[in-house]
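Trainee: Got a minute to go through this one with me? I'd like to ask about whatever catches my eye.
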Amino acid sequence: MASWVGCAPGRDARRGAWRAAGLVAALAAAWPTALAADEQKLARTAHRRGVAFLEQAQLPTGEFRMWACTDEALKDCAMENEALITATIAQGLAVLPGGRAEKVAQQAANFLMSQMAADGFFRYHLKEHPLSLEQPPTLEDTVVNLMMLEALGREVPDVTAVLKTYQTIGGSFHLFAFPLADLQGLRTDPAVREQLSLRVNPAFVELLDQTEPVANANIQAYLASHGQASEPLCTYLVGVAQQGLPPGYSMFYGSPYAFLYAASRAWGRGATCLKPALSEFERRLLADQHADGSWGSVLNTAWAGSALLWLNHRSASLERAVAWLAGQQREDGSWAREVAWSLARPPLWFGSEELTTGLAVELLARYLMLREAER
Amino acid sequence: MTVLRIGWLVREGLTAVLRPGRVMARIPAAGRLPYGWLLVLLATWGMVYAFLHFRAMEGVWPTVRWSWSWHHAGLWRVLTFVGGSVVNWLMAAVALSTLSWWRRWPLSVAQCDIAAFYLWCVWALMPLVDLIHLFGVPTRVIFLPLMIRESPLALIAHASWWFAFPVLAVELCVLFRSRFRLPVLGAVGIGLGLLAAGRLVFETLPVWTAPRLAAQGWLINEWALNTLHALLGIAQWGCVRLWMGGQRRWPVIGAGSVATAVGWAAFVVW
């Protein structure tokens, strides 16, 4: 290289320049591979430590903890007894089969089996919660929990047929497994509202006819994994994405990446009708990535990175995300508590170290699986 | 519902003494106590408690030579510690489950039982702390401004009070904070209120009621009355448990719950 620099321009020099350019190109081509090898090592270590944290954080019943807090900083919190978080974490653990991760996931599955009703549906609160009997089953909890149980080989009822009876004319689903006919007049007739208040806790009546995009993307993922992807639901989801996922797009999730993750997963599970929106998903995800490789927070990075992996995206973006994520891991193997979703009334913010760690572990596991497959 | 291992529960209960926040936030929602093993543990430790307590506080080991009388050095009194150990846990569970049912706190019956067990662990450690009285540390007598049969009512304050009351208060406060987000003052208030009710009302109740029963000509003293209180406690626990367990049938369970509560109130007023 030094001799080339010192050469006068000429044939040899041009040849040298070409050779150097070739060398640079070769180095550039090799760089992502070298980088990927480093990131794989980082990812493997971070994944192992994350799993170890989740193993010790798991309660003997198999459940994971969630906090409901009165402040966005998640300081003034109380325990929230719900099953969805356990399924969400276990899904991440089940990505790489075998070892401690699978053991923890199987224990989580035992817990979820104990919470499932005979018809396969789940309520938001645990069976033991005082409000459990006063609320209808929740569709999002049901599909996420069932997908997780199926991934772990558990025998669970197929609820696709029943699920479709709750689909609205617009293609979307409400939050709860509640007969649509009974909701007519909810917003206009006080007698209907009063009647419904006798059937479910008044706190839930307001939510009965609400629609939530992330929940719908999860429902599509479930339907698609049973070969029953719904075209009208795709139309609804694509419509949501086309509106740009502005703040307030979801009544629970503040992050647009929660939707992009769920919708990408639906596509990855076979909802091919989402194809028109995929390039927009990918463009948005790549455009939003910060220079440091993150999407602004650990949860966002975990959601966005996993979404890219579901979309079969391959680029150095993933390595940067993984490197950043590994850098945020704490001494005990966990990632800090962050707001995953929130409620407007009463104002509550939900999150836990376990959930952040579970989603980070999922990204790392999917990344490692991809690299293993490439090898 | 997963049955929790008794070893895990004991470990958690002991950890709660030092790290109440960590333990109270780890009470599983979908686990239940192994009630058979729990009963064995409570009864066995009640017996151990009695031996340590008599040795540390009264300078004697209970022996089989003691008579089966209801009086001071009677074996019945030793047995009341066995029953008392169970009732202590039971009443804490009743208090917590009644409170959370009344206030509609999101705490299941099983969680109340587990939290009550952690509180019981503090009580269980008390005779070990009291062993320092064997080394010459004196007890203190606290006179209450109340007279029973023209005698002043007094409580003997032993060393373990200084251990148990603060720890129990902190555990209760942390429980209410970590589970229901109660304001600190509210949590402290309810915690101290429960402690005061437990020590000054529940535990002292036989001292009040026994002389009145004795005056009626019934040969019953305060230790025998503990047994009656225990039975009331068991009835109350069963009713609240069934009520919170989802079988909310007002006519039977509600009435039973109210009846036992009225029974308690009658004792207190009497």
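Trainee: Which strands and helices supply at least two residues each to the lining of the second largest pocket?
Mentor: From chain A, strand S2 (77-79), H5, helix H8 (202-205), strand S3 (341-343) and strand S4 (348-351) each do that, together with H6 of chain B. Keep in mind that this is a predicted model.
Trainee: OK, and what volume does the second largest pocket have?
Mentor: About 1,200 Å³. Its lining has 40 residues, and A:Glu80, A:Tyr124, A:His125, A:Leu343 and A:Pro346 lie nearest the centre.
Trainee: How does that lining split by class?
Mentor: You get 26 nonpolar, six polar and eight charged residues.
Trainee: You mentioned chain B. How many residues does each chain put into the contact?
Mentor: Chain B gives 25 residues and chain A gives 29 residues. About 1,900 Å² is buried between the two chains, with 55% of that area coming from carbon and sulfur atoms.
Trainee: How many salt bridges turn up across that interface?
Mentor: One. B:Arg177 and A:Asp76 bring their side chains together at 3.3 Å, N to O.
Trainee: Why would two such side chains pair?
Mentor: Opposite charges on side chains can pair when the charged atoms come close. The distance here, 3.3 Å, falls within the 4 Å cut-off, so the pair counts as a salt bridge.
Trainee: And how many residue pairs are in polar contact between the chains?
Mentor: Six, counting pairs with both residues at pLDDT 80 or more. On the chain B side, helix H6 (residues 159-180) gives the most to the surface that touches chain A, with four residues. By class, the chain B side has twelve nonpolar, six polar and seven charged residues.
Trainee: Switching topic: how many salt bridges are there over all chains?
Mentor: A search of the whole structure gives 15. One of them joins the side chains of A:Arg199 and A:Asp182 at 2.9 Å, N to O. That pair links distant parts of the chain, 17 residues apart: A:Arg199 sits in helix H7 (residues 190-199) of chain A, and A:Asp182 is in the loop between helix H6 (160-164) and H7 of chain A.
Trainee: What about closed-off space? How many cavities of 30 Å³ or more are there?
Mentor: Two. The largest has a volume of about 180 Å³, and 16 residues line it, with A:Thr88, A:Asn218, A:Tyr253, A:Tyr261 and A:Trp303 closest to the centre.
Trainee: Which helix has the largest share of that lining?
Mentor: H11(A), with four residues. The helices of chain A that each supply at least two residues include helix H3 (84-93), helix H9 (213-225) and helix H15 (353-374). By class, the lining of the largest cavity has eleven nonpolar, three polar and two charged residues.
Trainee: And the second largest cavity, what lines that?
Mentor: Eight names, all in chain A: A:Leu59, A:Glu63, A:Phe64, A:Arg65, A:Met79, A:Glu80, A:Asn81 and A:Glu82. Three are nonpolar, one is polar and four are charged, around a volume of about 40 Å³.
Trainee: Last one: where is A:Trp267?
Mentor: A:Trp267 is in helix H11 of chain A. Leaving out residues up to four places away in sequence, A:Trp267 touches A:Thr272, A:Leu274, A:Lys275, A:Leu278, A:Trp310, A:Leu311 and A:Asn312. A:Trp310 is 43 residues from A:Trp267 along the chain, with 7.7 Å between their C-alpha atoms.

Technical notes: Residues numbered from 1 in each chain as written. Chains lettered and ligands numbered in written order. Predicted model: local features only at pLDDT ≥ 70, side-chain atom pairs only at ≥ 80, totals over all residues. Heavy atoms only, no water. Contact = heavy atoms within 4.5 Å. Buried area = accessible area lost by both parts, 1.4 Å probe. Polar contact = N/O pair within 3.5 Å; in protein donor to acceptor, adjacent residues only side chain to side chain. Nonpolar A, V, L, I, M, F, W, Y, C, P; charged D, E, K, R; others polar. 1 Å grid on protein atoms, 1.4 Å probe; cavity = no way out; pocket = protein on both sides within 12 Å on 5 of 7 lines; lining within 4 Å. Points joined across faces, edges and corners; volume = space filled by probe spheres on them.
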